[in-house]
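Student: I have this model open and would like a close look at one part of it, the main sheet. Please take me through how that part is built, and then through what surrounds it.

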Amino acid sequence: MVDYSKRGNTAVLTIRRPEARNAVNAEVAKGIEAGLDRLESDSEVWIGVVSADGPVFSAGADLKAIAAGEALTLSTERGGFAGITRRDRVKPLVAAVDGPALAGGCEIVLACDLVVASTAASFGLPEVKRSLVAAAGGLFRLPRALPPAVAMELILTGDPLPAERAHALGMVNELVAPGEALTAALALAERVCANAPVAVRESRGVAIAAHTADDETLWQMTEEAMTRAARSEDFAEGPRAFIEKRAPVWKGR
């Protein structure tokens, strides 16, 4: 139910359960976790794209599975809901959203680092409409991605946010026409892959911590990140390529 493919230095994870609006069941959660395992362990993969088959990115949790008493199977031990929302990883992910991403589907998007969406996409946490609580990170990640008043409105009303407005408010990095989200996400991934992979990973780690850590901690993290980047084989390649007026050839180590 989750395909894994490689395009250059980019891995693409595609949720393929369109007949169920790509709702997350046990197979989807395990498939995403397995895909992230491959992505993180493959030294030739520097970034991932999370996409979905069909007109809906994901409707979130499979309510039929929950009604059948299988709620715990929708999460994995390391990744949490859908195998991704609590996953500790070092490589960046781009969400390619070409339809509604609601409830747990929105929380999958919020777990990614960058978002490319088509005008057919929308985002929301409608759990309160069903006497539920969004429990996969949406309640604290959405206020980080949107202005506080807008995030609170979405959380309390359960109403969706159209992709155009999400883009205008900074939650979406790139807005494209329907059917073009994956292509644009891959192009964005290529822009990231043009940079030194170790430096990208180290920079991402500090930027993520900036949401919760104090400045003293972040200064320390920045120094440690710079030290690790300086110890990489790619550290000398950047200045050398600049002097030789050519594109750098990264090794990712």
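**The six-stranded sheet and its surroundings**

Tutor: Six strands make up an open sheet, and their order is β1-β2-β3-β6-β8-β11. The pairing in this sheet is mixed. Keep in mind that the model is predicted.

Start at the edges. These are β1 (2–7) and β11 (174–176). Each has a single partner strand, so one side of each is left without a neighbour in the sheet. From one strand to the next, the twist averages 20°.

Now take the β11 end. β8 and β11 run parallel, and three bridges join them. To find the pair on screen, look for Ser118, which stands opposite Val176 in β11. As background, strands of a sheet pair through backbone hydrogen bonds, either parallel or antiparallel.

Next, the helices on this sheet. Helix α1 (residues 26–41) packs on it. α1 touches β1, β2 (10–15), β3 (47–52) and β6 (93–97). The direction of α1 makes about 180° with that of β2. Helix α7 (residues 181–193) lies across β1, β2, β3, β6, β8 and β11. α7 runs at about 170° to β3.

From β8 we can step into the largest pocket. β8 (114–118) is among the elements that each supply at least two residues of its lining. The others are α3 (104–111), α4 (138–145), α8 (197–209) and α9 (215–230). α8 gives the largest share, 10 residues. The pocket holds about 1200 Å³ of space. Its lining counts 39 residues. Nearest the centre lie Cys112, Asp113, Arg204, Ile208 and His211. By class, the lining has 21 nonpolar, six polar and 12 charged residues.

One of those lining elements, α4, also packs against a helix. Its partner is helix α5 (residues 148–157). The angle between α4 and α5 is about 145°, and their axes are 8 Å apart. The crossing of α4 past α5 is right-handed. On the α4 side, the contact uses Leu139, Leu142 and Pro143. On the α5 side, they meet Ala151, Leu154 and Ile155. That contact has six nonpolar residues, no polar and no charged.

Another lining element, α3, leads to a second sheet. This one is open too, with three strands in the order β7-β9-β10 and mixed pairing. β7 (100–102) and β10 (161–162) stand at the edges. Each has a single partner strand, so one side of each has no neighbour in the sheet. Strand β9 (residues 122–124) and β10 run antiparallel, joined by two bridges. Here Ser122 stands opposite Pro162 in β10. α3 packs on this sheet, touching β7 and β9. The direction of α3 makes about 95° with that of β7.

α3 also contributes to the second largest pocket. Along with α2 (63–67) and β5 (80–81), α3 supplies at least two residues of that lining. The largest share here comes from α2, with three residues. This pocket has a volume of about 790 Å³. It is lined by 30 residues. Those nearest its centre are Ala59, Gly60, Ala61, Leu63 and Ala103. The lining divides into 17 nonpolar, four polar and nine charged residues.

To trace the route again on screen, begin with the six-stranded sheet, from β1 to β11. Go to β8, which helps line the largest pocket. Then follow α3 to the sheet of β7, β9 and β10. Finish at the second largest pocket, where α3 also supplies lining residues.

Key:
Residues are numbered from 1 along each chain as its sequence is written. This is a predicted model: local features need pLDDT of at least 70, side-chain atom pairs count only at pLDDT 80 or more; totals for chains, interfaces and linings use all residues. Side-chain values use heavy atoms; hydrogens and water are left out. On a 1 Å grid over the protein atoms alone, a cavity is a set of points where a 1.4 Å probe fits but cannot get out, and a pocket is an open set with protein on both sides within 12 Å along at least five of seven lines; lining residues have an atom within 4 Å of a point. Grid points are joined across faces, edges and corners, and a volume is the space filled by probe spheres set on the points. Helices (H or I, at least four residues) and strands (E, at least two) are DSSP runs, numbered from the N terminus. Ala, Val, Leu, Ile, Met, Phe, Trp, Tyr, Cys and Pro count as nonpolar, Asp, Glu, Lys and Arg as charged, and the others, Gly among them, as polar. Axes are lines fitted to C-alpha atoms, for helices over the stretch in contact, and angles run from 0 to 180 degrees between N-to-C directions. A crossing is left-handed if the near helix is turned anticlockwise from the far one by less than a right angle, and right-handed if clockwise. Contact means heavy atoms within 4.5 Å. Two strands pair if DSSP finds at least two bridges between them.
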